[in-house]
Amino acid sequence: MLLRYQFNNFCSFWGDSEFSAEAAQGKVLRRYPDNFVSMENDANVLKTMVIVGENAGGKSNFICSLRFVKSLFAENTKVQSAEPYVNIASQMAEERPKQSFEMEFIPDGRDIYRYRLVLDAQGIVSEWMAHRSKRKGKETVELDFHRQESSAEPLLSGRAVSSYPMLKKQREQSIGLWVTKLALLGDEHANRVVDWMNTRLKIAEIGAGTQNAIQQQADLSVLRDPRYLEILRMVDYSICGMELDAESPYSKTLLIRKDENGRQYKRELQMDSSGVREFFAWAVQLYRVVYEDKIVFADEMDRVLNPVLSDRVIAFINGKEHHGQFIFTTHNVLHLNLVTYMKEQIYFITKDRHSLRSELYSLADFPEVRYTTTKIYEFYMKGILGGTADE
């Protein structure tokens, strides 16, 4: 599960932005017993989180930053910053602007891993990996790389690195991350980090399952599971079954409905409503959260879903025991309530109209907002909490 994500200098973001998925402490936990998972390492991690913001505020840029980091683990190419993703103001202010990304996560329910990467246009500036067994425990550094500008030799150290002297013979980092090289050599900790980034962290997009054969096969295994139908029925309880089309699952699959007299009707998915078609795809991601312990980031998941269905989705995820997470951006201000969410589960993204910089912050940053306060969405709409286009 994800504990924390911090990044700097990506698209409209310039300056440290931090996103935490740790639950509140103390008596607040008793108010929301289903909203978090208590881990063996003393961390309490949130199952669901919502990010609210105006159009063009930076929500998609936030999701894109995660997609960019994830791509560096999947592609064995030269690792460097991409100019379109570097904040324009930083390019004007700095000769060689740097981008940084840091993640703290729990891949197996026990150890907490922290991974940090700093890039510029030339390549990797620094790369660092450590782990600890307790939330407040001491970290063990496994990988510590720093590019030496004044020397041909990069500075590469760490406990894992010392086990593989051949790494130090590589004078420059031409392709790939150091952590992926350690994983290929069989290092246990590097393998956990790489596996979490490649298989556990998911950036969900509508229709993503039709993009390549491997992903489509993975989607088909989900669609064939009876538990998937349980999730799909949240959009329409008259759906009682489906006939899956393995060649075109997102268009030719037949949905079967039953009326009050027991008569059945079949309809191709592509002929159904846009809400049903879109939820058919999102239900795959919800399945992965609950039954495969995936960490899914979704951009505007409920753009065509009514508030009742959105509440069903959150209640479903919170009501199951798992180590997955569902984190989504939205324009739906009805999510701004302290009945469903604790303050730590609600984030805002807004863009300053003068500097054009995006800012990420939590409702928990407002101590004056108390749990007895009602109609949080009214505070938001009036600009008291920021994140609105008229401020």
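**Salt bridges, strands and a helix in a predicted model**

Arginine 135 comes out as partly exposed, because its relative accessibility is 25% and the partly exposed class runs between 20% and 50%. The model is a predicted one. In it, the side chain of arginine 135 meets that of glutamate 22 in a salt bridge, at 2.7 Å from N to O. This pair links distant parts of the chain, 113 residues apart: arginine 135 sits in the loop between strand 8 (124-132) and strand 9 (140-146), while glutamate 22 belongs to the loop between strand 2 (17-20) and helix 1 (28-31).

That salt bridge has company, as a search of the whole structure turns up 24 of them. Lysine 266 makes one with glutamate 243, with 2.5 Å between the closest N and O atoms. Lysine 266 is part of strand 14 (residues 264-268) and glutamate 243 is part of strand 12 (residues 239-243), so this pair ties together parts 23 residues apart in sequence. Glutamate 243 is partly exposed, at 33% relative accessible area. Another salt bridge joins the side chains of arginine 263 and aspartate 259, at 3.1 Å from N to O. Here arginine 263 is partly exposed at 47%, and aspartate 259 is partly exposed too, at 22%. There is also a network of salt bridges, which links Arg4, Glu102, Glu104, Arg114, Arg116, Arg132 and Glu139.

Zooming out, the protein chain has eleven helices and 18 strands. Its radius of gyration is 22 Å, which agrees with the value near 21 Å for a compact globule of 391 residues. The C-alpha atoms fill a box of roughly 80 × 50 × 40 Å along the principal axes. Of the 391 residues, 53% are buried. Among contacts with a separation of 6 or more, 59% are between residues 24 or more positions apart. The chain exposes about 18,100 Å², with carbon and sulfur atoms supplying 48% of that area.

Strand 15 (residues 295-298) is covered on both faces: Ile295 and Phe297 are buried on one side, Val296 and Ala298 on the other. Strand 11 (residues 201-204) runs parallel to strand 15 and is joined to it by four bridges, with leucine 201 opposite isoleucine 295. Strand 16 (residues 325-330) also pairs with strand 15 in the parallel sense, over four bridges, and there phenylalanine 328 stands opposite alanine 298.

As for the helices, helix 2 (residues 59-74) has 16 residues and reaches 23 Å from first C-alpha to last, close to the expected 22 Å. Its buried residues include Phe62, Leu66, Val69 and Phe73.

Note on methods. Residues are numbered from 1 along each chain as its sequence is written. This is a predicted model: local features need pLDDT of at least 70, side-chain atom pairs count only at pLDDT 80 or more; totals for chains, interfaces and linings use all residues. Side-chain values use heavy atoms; hydrogens and water are left out. Buried means under 20% relative accessible area, exposed over 50%, partly exposed in between (1.4 Å probe, protein chains only). Helices (H or I, at least four residues) and strands (E, at least two) are DSSP runs, numbered from the N terminus. Two strands pair if DSSP finds at least two bridges between them. The expected span of a helix is 1.5 Å times one less than its number of residues. The radius of gyration is taken over C-alpha atoms; the globule rule is 2.2 Å times the number of residues to the power 0.38. Contact means heavy atoms within 4.5 Å. Accessible areas come from the Shrake-Rupley method with a 1.4 Å probe; for residues, only the protein chains shown count as cover. A salt bridge is a side-chain nitrogen of Lys or Arg within 4 Å of a carboxyl oxygen of Asp or Glu.
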